[in-house]
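Visitor: I would like to go through this model term by term, with each label set against the value behind it. Could you take the questions in turn?

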Amino acid sequence: MIRYVKFSMVAMCLSFMTAPTFAQAPPPGSAPAAPPNPNAILADLSRAAQVTAMARKCEWEDPKYVLASESILAMKAADLKAMLAPDVRGQVDMALSQAAGSVTALACKQPDGKDLPQQHDIKMFVRDQYWRMIAHVDVLGSLRWGEVFRYTPEERAALDREIAHIREFRGYGYWEVGNPLETLADKTVTLACRERPSNGKPCRPVPPELEGNAATVKTMIETTEAFGKAVAAEKIQEKQDFLAAVGDVTRFSVIGDATCEMLGLSLKTSDALVKSKVTDGSFGSMTHEVMFAEKFRLGMPDRTGWILLFRSMMYETDDDPYIVLAEDGGEWDEESARNGAGQVNQLSNAIMDDIESRNMDPVLKAKAIAQSKETVIETFFNNLVSMGLMKSINGAGGLKLKQCTAD
């Protein structure tokens, strides 16, 4: 029988099943909060150990999500043991080991081959632990704990990108975990400093009442650091594989807030056809630009379509947003779109017949063909500019392009 020994604020912070209670004092006159129940905590952890083991055995989720669940479980187990007398701490490891081992004989599918009823809930539980562990990497790896994690610059950059992505994805809900972790980090900074002195700076003495949490903080540092390194290694490898598949990624641009990622939609702007012309008006000169670009899924060799864009700028050096004039057909076919952006691959039969009827020598004939192409280009370009200006007046626009980078 596990008996309660002492209150642990770390357990309350780490728990993803109950809200933290150490962040603020209870309202005046209210009854004091009940102390944590080690047996109830162990029961929760045993269930978490079981579903996490099932997720790993059956490969129901991304391995890094399972690792996140295992990492949180390890930290919570360490904190639970800190609440107990030394002679019963081994019961925690034994109980969690038995819970995880209980899935060995379980099947990953029903006899008819269908998914188990609990598979979805287990996947959702394990997946939920990932962003929570990313919050640990974020908050505990900050200056609050003196940057205790030993990451290389490349690992740190990969993690910073993932942290930014998770923060944006979770929104305000991210701080459901982030805020309690900040409070915990502030209260345990002396323990973290003693465990991992930062830059040779002296550490303040650890208050006696925190000494019981030293093992928990040590586990949090080591577990979170290891998790971060595993995530960083995967992200770095993904980036290397992506660049190997794409080649020079700077040849491509993405639209708006899209990211340059494998199979992400992009425009091959390095090979884009661009025609522009400066005109003078009552408000000064304006640069009108038409761009034809092919669309690709990054990492795939074949194009997925094309797009025709227009913009007007006060200065040629401006980077104003574009207006979509045509995309993959519709009002403009691809050949006409290319014509308006400055490329004529083939003149119409009527124009060629007219040139042939003049019986010109080869030099004059070549000149006549070139002049005819320029006429076609100017005609289509002017039509596209008129169309773009009309769309602009009607409120269209706002499409920004962002060049991909290798970092």
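**Labels and the values behind them**

Guide: Leu 308 is buried, with a relative accessible area of 0%. The model is a predicted one, and Leu 308 belongs to strand 5, which covers residues 303–313.

Visitor: Why is Leu 308 called buried?

Guide: The label requires a relative accessible area under 20%, and Leu 308 has 0%, so the residue counts as buried.

Visitor: Which residues does Leu 308 touch, leaving aside those up to four places away in sequence?

Guide: Leu 308 touches Val 290, Met 291, Phe 292, Ile 323, Val 324, Leu 325, Ala 326, Ala 337 and Leu 384. As for backbone positions, the C-alpha atoms of Leu 308 and Asp 328 are separated by 8.7 Å, with these positions 20 residues apart along the chain.

Visitor: Why is Leu 263 called partly exposed?

Guide: Partly exposed is the class between the buried limit of 20% and the exposed limit of 50%; Leu 263 has a relative accessible area of 44%, and therefore falls in that class. Leu 263 lies in the loop between strand 1 (253–255) and strand 2 (265–267), and together with Met 262 and Met 300 it makes a nonpolar surface patch of about 280 Å².

Visitor: What makes the pair Glu 61 and Arg 127 a salt bridge?

Guide: The rule asks for a side-chain nitrogen of Lys or Arg within 4 Å of a carboxyl oxygen of Asp or Glu, and the N to O distance for Glu 61 and Arg 127 is 2.3 Å, so the pair qualifies. This pair links distant parts of the chain, since Glu 61 is in the loop between helix 2 (38–58) and helix 3 (63–82) while Arg 127 is in helix 5 (residues 119–140), 66 residues apart. Glu 61, at 12% relative accessibility, counts as buried, whereas Arg 127, at 37%, counts as partly exposed.

Visitor: How do you know that Glu 195 and Lys 218 meet in a salt bridge?

Guide: Their N to O distance is 3.3 Å, which is within the 4 Å limit, and therefore the pair is accepted. Glu 195 is in helix 8 (residues 189–195) and Lys 218 is in helix 9, 23 residues apart. Glu 195 counts as partly exposed at 31% relative accessibility, and Lys 218 is partly exposed with a relative accessible area of 34%.

Visitor: How many salt bridges does the rule give, and which residues are linked in a network?

Guide: The count comes to 33 salt bridges, and Glu 289, Arg 311, Asp 319 and Lys 400 are linked in a network of them.

Visitor: How do you know that the span of helix 9 agrees with what is expected?

Guide: At 1.5 Å a residue, the 33 residues of helix 9 (residues 214–246) should span 48 Å, and the end C-alpha atoms are 48 Å apart, so the two values agree. Just after helix 9, Gly 247 takes a positive phi of about 85°.

Visitor: What is the radius of gyration of the protein, set against that of a compact globule?

Guide: The protein has 32 Å, whereas a compact globule of 407 residues would have a radius of gyration near 22 Å. Along the principal axes, the C-alpha atoms fill a box of roughly 105 × 60 × 45 Å, and buried residues make up 41% of the 407 residues.

Technical notes: Residues are numbered from 1 along each chain as its sequence is written. This is a predicted model: local features need pLDDT of at least 70, side-chain atom pairs count only at pLDDT 80 or more; totals for chains, interfaces and linings use all residues. Side-chain values use heavy atoms; hydrogens and water are left out. Patches are made of residues with over 30% relative accessible area and no salt bridge: like charges are joined within 9 Å, nonpolar side chains (Val, Leu, Ile, Met, Phe, Trp, Tyr) within 5 Å. Accessible areas come from the Shrake-Rupley method with a 1.4 Å probe; for residues, only the protein chains shown count as cover. Helices (H or I, at least four residues) and strands (E, at least two) are DSSP runs, numbered from the N terminus. Buried means under 20% relative accessible area, exposed over 50%, partly exposed in between (1.4 Å probe, protein chains only). The expected span of a helix is 1.5 Å times one less than its number of residues. The radius of gyration is taken over C-alpha atoms; the globule rule is 2.2 Å times the number of residues to the power 0.38. Contact means heavy atoms within 4.5 Å.
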